[in-house]
Amino acid sequence: MAEDLLLEVSEGEAPARRPRGRLYRKLLFAVVCFAGGAVFWHFGLENSRRYTVYQQEGRLLVDKGVPFPTGSLRYQGGPAYEPLELPPGTKVEQQQATSLVELDTLLLELYLRLARETLQPPAEAGAATPPVAERLPRARTFLKRAKQLSHLDATQEELLLRTEGDLDLTGGLELLRPVVFDLGQALQLLELAERKGTTRQPPASLWADWLRSELAEYRAALATGAPPRGALASSPPPGASPPGLPSAPPTAPAAPAVPPEAPAATSPEAPAAAPPDAAPPPAVTAPAAPAAPTAPPALSPGSAPPAGSLPATP
């Protein structure tokens, strides 16, 4: 009898405990799902803000992460971020950025480095360096991409402008090379005329001597990358007037001040007469006007070359 009563009590308590255990399990499952969803959302948000710059199959690529813990797609942010063909042998390490400003800074440094390496490639054993006429357009391609970046500050824009100036300087010096070659051909003809003799005056030896000295300086300047000595000497100092313009006339020093003398007592009827031995007062003359600048004498076709003159240097 007692065993039947205990069995009924135990069977009656069992159903009351089952709903409480199920609630705990459901609550624990909800907490785990919420925490997992929060972690998933956090890593997905971080990945969606990540930009990756890398090299693949000879091209420079920019990817942007997707709102998922992993994965990325090609970034469609404008022409500055489109795939770009790289010169042969160029290596770009993979880099990442977490904002557009950081991405543009990273790409600007990369584009400027590629432009400099394209313009002045490192010397490699057994590798032929392309001519400057081929390297300049490639370097300008990278600078064109850099100018399309829209998140640059004033300092970065000035750096980009100076790099463009470096390319223009290199192009100008490259155009001087055929000019120097033509001057060398002209020197050979003048030396032939000097050996054979001419009937014209001045003799060809004057032209040959002048061109020989100038041509030597230009060849040395192109070889070293420094301007000729005559170009540095002919440049006016800071604050000086440009060539061909008159400088300001010098101003005369001011006369020292003379202390005033007490006026002599005079009669109210007539002014005081000057003594007979007094010298007449000095006449006041206007200062002479500065001389107008005279134009340099024109060089006639048959005259000798000017001594120490140089062609205009870029």
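Modeller: Two residues are in contact when heavy atoms lie within 4.5 Å, and helices (H or I, at least four residues) and strands (E, at least two) are DSSP runs numbered from the N terminus. This is a predicted model, in which local features need pLDDT of at least 70 and side-chain atom pairs count only at pLDDT 80 or more, while totals for chains, interfaces and linings use all residues. Residues are numbered from 1 along each chain as its sequence is written, and side-chain values use heavy atoms, with hydrogens and water left out.

Biologist: Which residues in α4 meet α2?

Modeller: On the α2 side, the residues taking part are Thr105, Leu108, Leu112, Arg116 and Leu119. Across from them, the residues that α4 brings to this meeting are Gln156, Leu159, Leu160, Thr163, Asp166, Leu167 and Thr170.

Biologist: Which element gives the most residues to the largest nonpolar core?

Modeller: A nonpolar core is a set of buried Ala, Val, Leu, Ile, Met, Phe, Trp, Tyr and Cys residues joined through side-chain atoms within 4.5 Å, where buried means under 20% relative accessible area with a 1.4 Å probe, protein chains only. The largest one has 31 residues, of which Val53, Leu60, Tyr81, Leu103, Leu107, Tyr111 and Leu149 touch the most other members. At least two residues of this core come from each of β1 (51–56), β2 (59–65), α2 (100–119), α3 (132–147) and α4 (154–196). The element that gives the most, with 10 residues, is α2.

Biologist: How many residues does the other core have, the one with Val180 and Leu222 among its members?

Modeller: This core lies apart from the largest one, and Ala208 and Tyr218 are also among its members. Its number of residues is 8.

Biologist: Which residues does leucine 103 touch, not counting those up to four places away in sequence?

Modeller: Leu103 belongs to the largest core and is among the residues that touch the most other members there. With residues up to four places away in sequence set aside, its contacts are Tyr51, Val53, Val62, Tyr75, Tyr81 and Ala97.

Biologist: Is threonine 118 buried or exposed?

Modeller: Threonine 118 has its place in helix α2. Leaving aside neighbours within four places in sequence, threonine 118 is in contact with Pro87, Arg135, Arg138, Ala139 and Phe142. Because its relative accessible area is 9%, threonine 118 counts as buried.

Biologist: What is the bridge partner of glutamine 56 in β2?

Modeller: Strands β1 and β2 run antiparallel and are joined by 6 bridges, where two strands pair if DSSP finds at least two bridges between them. Valine 53 stands opposite valine 62 in β2, and the hairpin has 2 residues between the strands, with glutamate 57 taking a positive phi near 55°. For glutamine 56, the partner in β2 is arginine 59.

Biologist: Which residue in β3 does aspartate 63 stand opposite?

Modeller: Strand β2 is mostly covered, with 5 of its 7 residues buried. β2 runs antiparallel to strand β3 (residues 72–74), to which 3 bridges join it. Opposite aspartate 63 in β3 stands arginine 74.

Biologist: What is the bridge partner of threonine 52 in β5?

Modeller: Strand β5 (residues 95–97) is joined to β1 by 3 bridges, and the two run antiparallel. In β5, threonine 52 has as its bridge partner glutamine 96.

Note on methods: Buried means under 20% relative accessible area, exposed over 50%, partly exposed in between (1.4 Å probe, protein chains only).
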